[in-house]
Amino acid sequence: MDDIYVDQLSIFLENKEGRMLNTLDIIENLGVNIRALSIADTSEFGILRLIVTKPHEVKEELEKRNFIVKITKVLAVSISDEPGGLNTILRILDKNNINLEYLYAFVEQKTYHAIVILKLEDMTEGLKILKEGNANIISPEEIYSI
């Protein structure tokens with residue numbers, strides 16, 4: 001069951017000029033593709049969340065350079081890229097009292113679907129509920145091949 005979860009990197013960045021560029025330069029120099037990203041920030045720091053093709057390799061290299069990096073298990077769900085597509089998934093979670101910690105999305109151009117990255121309070125129960133609701137869960141391999 002663990003092989004359905006996608007490894008997301010959470011990188012803690014000081015809110016200083018050039019810090020994100022420096023991070024992305026390291027990833028570029030590794031030859032690793034970024035599939036999705038999100039950043040949440042405060043006045044002092046940010047959390048850069050990334051889905052990359054080689055998360056463990058990136059984590060290791062960033063930690064060598066004194067970055068604080070965590071790997072978090074998230075779910076990737078394909079939804080129709082049309083009005084209400086996201087609400088379909090959110091309704092399933094809400095109906096079953098599954099708390100959503102955060103989400104971010106991107107559009108996959110080959111199939112014209114949106115891919116939503118979900119972090120749920122209870123990942124195991126959330127996965128079960130989404131599967132029962134016929135949500136289209138995307139495997140890590142599929143995400144990396146986009």
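Ile26 is a residue of helix H1 in this predicted model. With a relative accessibility of 5%, Ile26 falls under the 20% cut-off and therefore counts as buried. The chain around Ile26 has 5 helices and 7 strands. The points below cover the whole chain, then helix H1, strand residue Ile34, helix H3 and two loop residues.

**Chain as a whole**

- Read from the N terminus, the order of elements is β-α-β-β-α-β-α-β-β-α-β-α.
- The radius of gyration is 16 Å, which agrees with the value near 15 Å for a compact globule of 146 residues.
- Along the principal axes, the C-alpha atoms occupy a box of roughly 45 × 30 × 30 Å.
- Buried residues make up 43% of the 146 in the chain.
- Of the contacts between residues at least 6 apart in sequence, 69% link residues at least 24 apart.
- The accessible surface amounts to about 8,400 Å², and carbon and sulfur atoms account for 47% of that surface.
- There are 16 positive and 24 negative side chains, and the centres of these two sets are 2 Å apart.

**Helix H1**

- Three residues of H1 are buried, namely Thr23, Ile26 and Ile27. Viewed down the helix axis, the buried residues of H1 lie within an arc of 95°, so they line one face of the helix.
- An α-helix has 3.6 residues a turn, so residues three or four places apart point the same way.
- Leu21, Glu28 and Asn29 are exposed on the face of H1 that is turned away from the buried side.
- The packing partners of the buried H1 residues are strand S1 (6–14), strand S2 (34–41), strand S3 (45–52) and helix H2 (55–64).
- Gly31, just after H1, has a positive phi of about 75°.

**Thr23 and Ile26 within H1**

- Thr23 belongs to H1, which spans residues 19–29. The relative accessible area of Thr23 is 0%, so this residue is buried.
- Residues up to four places away in sequence aside, Thr23 touches Ile11, Leu13, Leu48, Leu62 and Phe67.
- One of these partners, Phe67, is 44 residues from Thr23 in sequence, with a C-alpha to C-alpha separation of 8.7 Å.
- Ile26 is in contact with Glu61, Leu62, Arg65 and Phe67, when neighbours within four places in sequence are left aside.
- Leu62 and Phe67 thus appear among the contacts of both Thr23 and Ile26.
- Ile26 and Leu100 are 74 residues apart in sequence, and their C-alpha atoms are 31 Å apart in space.

**Ile34 in strand S2**

- Ile34 is part of strand S2. Its relative accessibility is 33%, a value between the 20% and 50% cut-offs, so Ile34 counts as partly exposed.
- Beyond neighbours within four places in sequence, Ile34 is in contact with Leu24, Ile27, Leu50, Ile51 and Val52.
- One of these partners, Ile27, is a buried residue of H1.
- Ile34 and Met20 are 14 residues apart in sequence and 14 Å apart in space, from C-alpha to C-alpha.

**Helix H3**

- In helix H3 (residues 85–95), Gly85, Ile89, Ile92 and Leu93 are buried. These residues cover an arc of only 95° around the axis, which puts them on the same side of H3.
- Arg91, Asp94 and Lys95 are exposed on the other side of H3.
- The cover over the buried residues of H3 includes strand S4 (68–80), strand S6 (113–120) and helix H4 (123–132).

**Loop residues with positive phi**

- Asn66 is not a glycine, yet has a positive phi of about 70°. Asn66 sits in the loop between H2 and S4. With a relative accessible area of 69%, which is over the 50% cut-off, Asn66 is exposed.
- Asn97 comes just after H3 and is located in the loop between H3 and strand S5 (100–108). Phi of Asn97 is near 55°, a positive value in a residue other than glycine. The relative accessible area of Asn97 is 70%, so Asn97 is exposed.

Definitions and conventions: Residues numbered from 1 in each chain as written. Predicted model: local features only at pLDDT ≥ 70, side-chain atom pairs only at ≥ 80, totals over all residues. Heavy atoms only, no water. Helix = DSSP H or I, 4+ residues; strand = E, 2+ residues; numbered from the N terminus. Buried < 20%, exposed > 50% of the residue type's maximum accessible area, 1.4 Å probe, protein only. Contact = heavy atoms within 4.5 Å. Rg over C-alpha atoms; globule rule 2.2 N^0.38 Å. Areas by Shrake-Rupley, 256 points an atom, 1.4 Å probe, with all protein chains shown as cover. Lys, Arg positive; Asp, Glu negative; His and termini not counted. Charge placed at Lys NZ, Arg CZ, Asp CG, Glu CD. Arc of directions from axis to C-beta.
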